[in-house]
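Hello,

Here is the structure I promised to pass on to you. Please open it alongside this email, and then read on for what turned up in it.

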Protein chains: 2
Amino acid sequence: MELSERKQKILKVIVDLYVRTAEPVGSKTIAAQPDMDYSSATIRNEMAELTNLGYLEQPHTSAGRIPSAAGYRFYIDRLMQDYRLTTDETQSINQAMELRMQEFDRAMSQVGKLISQLTNLPAYAMTAHTGGTTVKRFEILPADRGSFILVVMTTDDTVRNKLIKLPLQVTDGDLKLLSAVLNASLTELPAESFTPELIDRVTRSAGAAAGLIPIIVDFATQMLEQCSRAQVYVTGQNRLLGHPEYQDLTKAQQVLGAIDEETISNLPAKLDPKSPMQILVGPENVSRELKDTSVVVTRFDIGEGMQGMIGVVGPQRMDYAQITARLSYFAEGLGRMFSKPELPGTPAKAEENTED
Amino acid sequence: MELSERKQKILKVIVDLYVRTAEPVGSKTIAAQPDMDYSSATIRNEMAELTNLGYLEQPHTSAGRIPSAAGYRFYIDRLMQDYRLTTDETQSINQAMELRMQEFDRAMSQVGKLISQLTNLPAYAMTAHTGGTTVKRFEILPADRGSFILVVMTTDDTVRNKLIKLPLQVTDGDLKLLSAVLNASLTELPAESFTPELIDRVTRSAGAAAGLIPIIVDFATQMLEQCSRAQVYVTGQNRLLGHPEYQDLTKAQQVLGAIDEETISNLPAKLDPKSPMQILVGPENVSRELKDTSVVVTRFDIGEGMQGMIGVVGPQRMDYAQITARLSYFAEGLGRMFSKPELPGTPAKAEENTED
DNA sequence: TCTTAGCACTCACTCTCTCTGAGTGCTAAA
DNA sequence: TTTAGCACTCAGAGAGAGTGAGTGCTAAGA
């Protein structure tokens, strides 16, 4: 059954007010709203019906109404107005994005922090590699005496390096041979195919620098593994405490405990792969700890078989319109930033790495 | 004035009990302690004196006593017994350390998590580079068509790379020339000396691949900058909430707000550079938000002008003996792990990086 | 038929008051 | 010097009364 125009209007007012004040909304307050031309009694009747229909809840007999999960859902799907970012907001977001992102990883964690700050809620950011990656290319450079730099590039254009220190005297020719062997034997293979037999064969043909092989294979395996694993950053947990629904410490702890890296990294499985922006209201979250908590998440493509996800976690009562607007803006910017081919002067679509 | 043996004994019992129970300790409880051969009245007298001397505090007239900051300090400096790690503990620590640490950064964040878990307190881990770093070596490798991998190695043996995508056709010879020029002109220089004039000169002598120069310089600058900046990881903030002293949300928030990355990264300045393990009890912390909060921190060297720091933040009432024991064990292990020269099969003392 | 005014009712919250008991300080005896 | 005893203090728990925001229902008005 379709809600009457008036019921929708009342529901919307209730959600809007409740999101702002965190107090149950009474019929009188609603009647006092501008553009609300009915008496409190009429509104009371409508509210009673909305309650029967499951869109509202009453904490106790003599309190006003608050939206139920279904009420939020209806609001999100049907009533929510587009929130327009203010110039200030876009400016501060743009500024933050311009901050030189040396690494993709670090960029994501920065973004998480910023979102958390803007929304005053805990935020998370994660990257996930989608395809099966293999090594595209090995490169070995001599560094100091007895040190080598190993550079590995994978099919998803991740490049990593490692400084290897081994008391080993090898010539440039040895290294050339070694990298030729590696490139011939170990590229385009998933980590699973690095069998002992294969490694053994490679080692035998590697000549003087064969001592490097175990380290190289180890490193490549780790790297491929790591590429397939999602990376998650959670920040701003403490902001949760600012919201009245988490004044109850037990609850706050439960929720904080539930939004650690592990849990979040399992989130994507539960999401509809089609729509980029998703809102999970309270009980729609599968985990029991989050049954009074909402999750808003958006995805964006960063090319090369990689995806990014950013989102926030907060009370059901949150300003969905504002938050979705901000998240989209961010996601768009990040997507643009990281999937563009590199141009001089543009912040790179790249990540780097340290080696010690 | 030196405290009598008996006073010390009583103080120690009070700290031990209070750490365990978080309840003010009364004279009767103390008298009931095994090995305590005085009546509650005697103990009351002693407690009154200890209070006068500033080692104890009384929350209100009819409550027991709790240690003051000075009391904790005395306990830490004089009374604390060495805590012996149980086999279980060392095992779980060792296990965690064996987990393959692909990157130093990641290792530190893992360690932070583990400490937080073991101590049930928020923990932080940070790395700081101590010396002024310069670039030791540039290397440029062609990757795909129009892609190059830039590898930069600094004097502290950090190696980073970056994938550069530029629609540029260059020969191997061009790249050789380019890296020769870079190595000749930009190595052994701090980031400050990368003046426009210098860059200009380099660009002019770089030949066909000069288009890469701005990106390379940019990258090198960022990298040097980043090396000199401390990296901080804070985890387990939510564990703070489990402790009764932070049941008051305002307080919990204050403290959580105060232990973000920035604040922590300023911590080392306040520490005595000589002693590796340090405990800041309540008011000994400079920041006002932490006046009821203690910080335990330990440092360890990881060679190459780098230092690591791990620590925890918690209520004054914490089991200092246990915590310092665990931290030392960790610090020792980490120090060993990361300052050893690399051997085949050993987890590397290295860090890597991703490039996308 | 829909809307609204009016009224009795409900119930969370706040405030006050009392009671309880853990813990103290002091005194005097051992 | 130690200890038993006693009067005193005071936070915290619990009970009871008062308050007021908000409700549902009824009956009158449009």
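**Sheets, a helix and two DNA strands**

In chain A, strand E9 (residues 293-301) and strand E10 (residues 306-315) run antiparallel to each other and are joined by 9 bridges. For a landmark in that pairing, look for A:Val297, which stands opposite A:Gly311 in E10(A). Before going further, please keep in mind that this is a predicted model.

E9 and E10 belong to an open sheet of 5 strands in chain A, with the order E7-E3-E10-E9-E8 and antiparallel pairing. Which strands stand at the edges of this sheet? They are E7 (231-235) and E8 (277-280) of chain A; each has a single partner strand, so one side of each is left without a neighbour in the sheet. From one strand to the next, the twist averages 15°.

Now turn to chain B and its strand E10 (residues 306-315). Here 9 of the 10 residues are buried, so E10(B) is largely enclosed by the rest of the structure. Two strands to look for beside E10(B) are E3 and E9 of chain B. Strand E3 (residues 123-129) of chain B runs antiparallel to E10(B) and is joined to it by 7 bridges, and in E10(B) the residue opposite B:Ala123 is B:Val312. Strand E9 (residues 293-301) of chain B is also antiparallel to E10(B), with 9 bridges between them; there, B:Phe300 has B:Gly308 as its bridge partner.

Back in chain A, helix H9 (residues 213-228) is worth a look. Its 16 residues reach 23 Å from the first C-alpha to the last, close to the 22 Å expected at 1.5 Å a residue. Several residues of H9(A) are buried, among them A:Ile213, A:Ile216, A:Phe219, A:Ala220, A:Met223 and A:Cys227. As background, an α-helix has 3.6 residues a turn, so residues three or four places apart point the same way.

Next, the DNA. What surrounds DNA strand C? There are 21 residues around it, and the closest are A:Arg6, A:Thr42, A:Thr61, A:Ser62 and B:Ser27. Of the atoms of strand C within 4 Å of the protein, 78% belong to sugar or phosphate, and the rest to bases. One base contact to look at is a base nitrogen of strand C, 3.1 Å from an N or O atom in the side chain of B:Arg44. On the backbone of the DNA, a phosphate oxygen of strand C lies 2.9 Å from a polar side-chain atom of B:Arg65. The largest share of the surface near strand C, 4 residues, comes from H3(A). By class, that surface has 4 nonpolar, 12 polar and 5 charged residues.

DNA strand D also has 21 residues around it, and A:Ser27, A:Arg65, B:Thr42, B:Thr61 and B:Ser62 come nearest. Sugar and phosphate make up 77% of the strand D atoms that come within 4 Å of the protein. Phosphate oxygens of strand D lie 2.7 Å from a side-chain N or O atom of A:Ser27 and 3.3 Å from one of B:Thr61. A sugar or linking oxygen of strand D is 3.4 Å from a backbone N or O atom of A:Ser62. For strand D, H3(B) gives the most to the nearby surface, with 4 residues. The classes there are 4 nonpolar, 12 polar and 5 charged residues.

Happy exploring!

Technical notes:
Residues numbered from 1 in each chain as written. Chains lettered and ligands numbered in written order. Predicted model: local features only at pLDDT ≥ 70, side-chain atom pairs only at ≥ 80, totals over all residues. Heavy atoms only, no water. Expected span 1.5 Å × (residues − 1). Buried < 20%, exposed > 50% of the residue type's maximum accessible area, 1.4 Å probe, protein only. Near = heavy atom within 4 Å. Polar contact = N/O pair within 3.5 Å; in protein donor to acceptor, adjacent residues only side chain to side chain. Nonpolar A, V, L, I, M, F, W, Y, C, P; charged D, E, K, R; others polar. Pairing = 2+ DSSP bridges. Axes fitted to C-alpha atoms, helices over the stretch in contact; angles between N-to-C directions.
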